[in-house]
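Trainee: Could you take a close look at how one chain in this assembly meets its partners, and describe the contacts in a connected way?

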Amino acid sequence: MKKIMSILTLGILLLLTACSGSNTTSKSSAEDTKTKSGEKQVVTFWHSMSGAGQETLDSIVKDFNHSQNKIQVNAEFQGTYDEALTKFNAVAGTNSAPTMIQTFEIGTKSMINSGNIIPIQEFVDKDHYDMSGLEKNITNYYSLDGKFYSMPFNSSTPVMYYNKDAFKMAGLDPDKAPATFEEVETAAKAITKSNPDMKGFALQAYGWLWEQLLANQGALLLNKDNGRTDTPTKIGWNEEEGKSIFNWVKQMVDDDTFANYGTNGDNMIAGFLSGDVAMFLQSSASARDVIDNAPFDVGIAFLPHPEDKERQGVVIGGASLWMIDGKPKAESQAAWEFMKYLQKPEVQAKWHVGTGYFAINPAAYDEKVVKDAWAEKPQLQVTVDQLQSTKPSYATQGALMDMLPEGRKIMETALETVFNGGDVDKSYKTAVQQFNEAIKQANKARGK
Amino acid sequence: MMLSMRKKIVFYVLLIISALLLAGPAIMAIVMSFMTNQDILTGRLPTAFTIDNYIAAFDRLPLLQFLFNSLIVSIVIMLGQLILSSLAAYAFVFLEFKGRDFLFYLFIATMMVPFEASVIPNFHIIRDLNWIDTYAGLTVPFFATTFGTFLLRQNFKQIPKELREASLIAGMGDFKFFLTVVLPVSRTSLVTLGIYGFLTSWNMYLWPLLASTNDTVRTIQIGLKQLQTQEQLNQWGVIMAGAVIVIIPTLILLFLGQKKLQKGLTEGAVK
Amino acid sequence: MSMIYPTIETNETYLHQAERVKRQNQMKSFLKGMLFLLPSIILFSVFVFYPMFKTIYLSFFLTNAQGATTVFTGWDNYKALFVDPIFIKSVKNTFLFVFYTVPPTVIISLILAVIANEKLKGIGFFRTVFSSTMGVSVAAASVFWLYLFNPTMGLLNKVLETSGLDAIEWLTDPKWALIAVSATTIWMNIGFTFLILLGGLQSIDSSLYESADIEGSGYFYKLRRITIPMLSPTFFFVITVSIINTFQTFGQIDILTQGGPANGTNLIVYSIYREAFVNYQFGAASAQAVVLFILILLMTALQFKLVERKVHYQ
């Protein structure tokens with residue numbers, strides 16, 4: 001017994017040392033491959049694309065690595081945008097920091113504030129790269145005082161999806177989607193009346209959608225021109241603009257034509273596909289998936305707006321690519337080459353068709369893959385039309401501030417309260433108060 | 001004591017119903033992982049059997065690498081916990097010194113520090129030690145465990161003090177006594193703690209995600225998360241296939257070690 | 001005089017020496033103890049105590065997104081917490097969640113342990129199944145239940161509908177969301193609790209039952225009079241560990257509800273995660289962490305004070 005035990009302990013100790021040993025060896029061998037692959041410059045690219053997005057992205061990265069023999073891009077998943085950003089903030093300035101990172105649009109201001117990035121503009125200038133070829137409505141968001149801080153990448157806007165078969169059943173014109181809040185309400189009633197098992201409309205409790213419905217009315221999210229001219233000090237919308245969205249939803253909740261899926265977009269799409277709800281708002285990036293999986297005819301329409309307000313258009317959503325400071329010049333330059341590669345029409349065409357995100361480079365829409373896809377699914381084009389018909393203004397350019405992620409959560413809570421029969425005035429008032437408080441707190445934390 | 005036939009039937013019915021209810025979610029996941037996406041979306045019973053979901057899961061991510069990493073990480077944490085907590089438990093039971101009780105309560109208090117709350121300072125430490133993307137970063141922070149120390153302490157207390165006295169007369173030092181007497185006597189508890197440590201390390205998510213930036217040391221739980229999408233429609237079949245891959249190794253371990261685990265945990269809890 | 005003096009002196013030296021030897025021995029045993037404890041102490045210091053102190057320190061500051069302190073605010077972060085309706089709600093939710101989760105887990109596990117303790121053919125198989133949820137990770141279990149709760153495809157609503165009942169919005173209705181998350185948690189915790197309770201049952205002296213049988217006591221009488229009292233130390237352990245674990249629940253919330261609907265399932269740990277990872281308010285997050293730590297400490301101390309006295313030790 002004694003022997004067995006001592007052998008065991010010895011074994012444990014050996015294993016431990018072996019493990020710590022293999023640690024160092026595996027690390028150095030990783031470094032070896034870095035240098036061995038040699039003259040190849042390694043670019044570390046942190047991203048937050050999982051599922052289908054990751055599949056397409058990985059394949060694009062693979063194409064790039066095969067297209068030349070100087071640069072090796074390693075695309076590495078880092079969890080959600082929030083998790084990736086927290087992690088980046090912690091490792092910024094150390095060896096573990098990546099060469100480039102993908103961050104969501106509302107992280108733009110905190111990235112700039114962090115001081116750990118090189119504005120893309122520097123590379124654009126040095127390279128005389130022409131950014132004007134890119135989609136104007138997308139570059140509008142990411143340029144600040146005429147300067148590009150990051151390279152636009154996966155971009156989408158919200159659109160309204162509707163079930164054409166359900167529209168027919170309810171005696172509505174399936175080719176003319178409701179355009180205003182009021183028309184949506186009426187259509188929702190007609191649908192629920194024709195089929196009591198189907199709700200008319202669903203709105204995911206998603207702060208991004210709320211921001212879009214606000215921008216579509218021409219309202220600002222933050223004062224100081226949405227934070228584009230100075231640091232915001234409070235909210236930018238007025239009560240009528242903000243409340244109209246809540247009242248609209250409340251009306252449908254009271255009519256019993258509203259389907260509540262909370263914050264879960266995936267469940268909402270599943271409900272739409274199985275005929276539980278006839279209309280919903282969602283990112284255009286879902287378009288391909290929805291059309292492919294629906295056993296009925298899917299219509300895609302512009303985002304609705306209140307009757308008494310003119311449609312202003314949508315703000316770009318999604319994420320962009322950032323160059324990280326403090327890396328060797330050659331490494332950053334290699335990352336820049338990769339960024340430029342991503343903007344090529346054929347790459348963007350693959351991206352657009354593979355994921356449903358927009359092509360940053362409109363020339364991609366002339367590529368054959370896109371034309372084929374559009375011929376098969378003409379609805380896809382609506383998403384692009386909506387983006388291109390957007391009226392440029394501070395409202396549709398989108399807001400910039402570091403507290404926006406928190407702001408979204410606040411609006412989501414308020415929306416969920418109303419979905420569950422809560423009082424509009426009270427939830428709205430609380431939300432505005434918390435939103436302003438968050439702005440104040442963020443300004444204070446920056447020490448300004 | 002023989003049970004009457006009627007009683008037996010009642011118990012079997014109860015056992016079967018509970019087993020079905022408890023295993024239900026896992027059975028559902030296994031069935032779904034072999035269903036086509038259309039069947040899942042429309043919510044009907046499976047019409048076709050397919051292994052496409054598994055092929056897709058393995059195709060999309062280096063799952064074998066993830067599984068291997070999980071195995072390494074779990075085994076190293078398990079061994080680390082066994083060594084550290086048996087040493088500490090020995091001190092708490094067999095050595096008498098000033099401040100022992102205070103230290104013991106200090107140990108107990110660490111159980112109450114929620115890990116998620118201290119995750120960011122911990123991450124900074126790993127970063128400063130240059131341990132990001134190493135097995136060390138994934139394992140060393142978990143070597144010291146109050147639960148393990150507590151469990152083994154309860155077990156060591158069962159060992160008669162006379163044994164130590166006898167060993168002292170024979171001129172046996174503490175470390176020798178620890179290796180040759182205490183550890184062999186407490187085999188069951190050690191196995192228990194080992195299995196428990198392995199299971200909990202296998203199931204960690206937030207820490208491995210933070211402490212690794214690329215696939216070289218990533219663990220399987222993160223792979224499961226990567227199969228879920230954000231703006232596209234989830235492919236439930238593939239996700240369930242991933243979940244099944246994740247739970248199979250731990251279930252096997254549990255089936256093999258269940259008896260020992262139960263015995264050891266009880267000793268820690270009861271006495 | 002001179003006769004007495006030296007004697008006293010020797011006496012004193014003797015005492016001194018004895019004291020010294022004693023102290024030396026003390027020192028030696030202290031060092032030895034430290035030697036055994038050192039690895040644990042070092043790791044706890046680095047990965048538990050240091051972060052804890054750092055957290056306490058941070059809780060008095062505002063920070064930027066990188067986590068560096070910017071403005072000293074004193075007790076402001078704490079004061080803000082106690083008037084913040086979201087935080088107050090998360091504290092309330094946490095207690096409710098413990099209440100919804102711990103008692104049902106213990107009761108269900110006890111029932112399972114009792115029926116699995118009978119000497120029947122194939123009982124090993126059932127024991128294995130009952131303990132199996134212990135081997136299912138939080139990430140996998142949450143995915144299972146996310147699907148079960150799915151409003152359209154989910155099995156639970158399918159069952160409700162086929163039995164003629166209304167479908168329930170499990171994760172989006174504030175009335176149900178916390179219960180749904182609790183159900184998931186109960187399922188996940190049953191494996192561990194069952195194993196321990198079963199072990200407790202098996203270590204009860206069988207002669208107690210035999211003498212009860214002689215007296216002709218019924219099944220439930222034995223359960224109430226012998227099993228439950230004899231199990232009390234096991235209960236105490238299981239309940240203490242469960243409460244501490246439940247207070248620290250994170251994974252299932254993140255995957256199932258992300259704290260929604262309208263903060264209905266926002267527990268303290270999730271609220272801390274959100275403050276730190278989404279809002280970058282490390283000061284506020286730290287203050288919440290300190291409050292959580294104190295809450296757990298108080299709960300545990302209370303338990304030891306109130307309950308342990310009543311525990312029946314063999």
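**Domains and chain contacts**

Mentor: The centres of domain 1 and domain 2 of chain A, taken over C-alpha atoms, are separated by 29 Å, in what is a predicted model. The domain assignment gives domain 1 of chain A as 39-155 + 317-373 and domain 2 of chain A as 158-313 + 403-445. Where these two domains touch, 7 residues of domain 1 of chain A are in contact with 11 residues of domain 2 of chain A, and the side belonging to domain 1 of chain A is made up of 3 nonpolar, 3 polar and 1 charged residues.

From there we can turn to chain C and its partners. With chain A, 26 residues of chain C are in contact with 33 residues of chain A; on the chain C side of this interface, strand E1 (61-63) and strand E2 (69-72) of chain C each supply at least two residues, and by class that side has 11 nonpolar, 13 polar and 2 charged residues. With chain B, 73 residues of chain C are in contact with 70 residues of chain B, and helix H1 (residues 4-58) of chain C gives the largest share of the side of chain C that touches chain B, namely 18 residues. The class composition of that side of chain C is 49 nonpolar, 19 polar and 5 charged residues.

Taken together, chain C brings strand E1 and strand E2, among others, to the side that touches chain A, whereas helix H1 of chain C supplies the largest share of the side that touches chain B.

Notes:
Residues are numbered from 1 along each chain as its sequence is written. Chains are lettered from A and ligands numbered from 1 in the order in which they are written. This is a predicted model: local features need pLDDT of at least 70, side-chain atom pairs count only at pLDDT 80 or more; totals for chains, interfaces and linings use all residues. Domain bounds come from an automatic or database domain assignment. Ala, Val, Leu, Ile, Met, Phe, Trp, Tyr, Cys and Pro count as nonpolar, Asp, Glu, Lys and Arg as charged, and the others, Gly among them, as polar. Helices (H or I, at least four residues) and strands (E, at least two) are DSSP runs, numbered from the N terminus.
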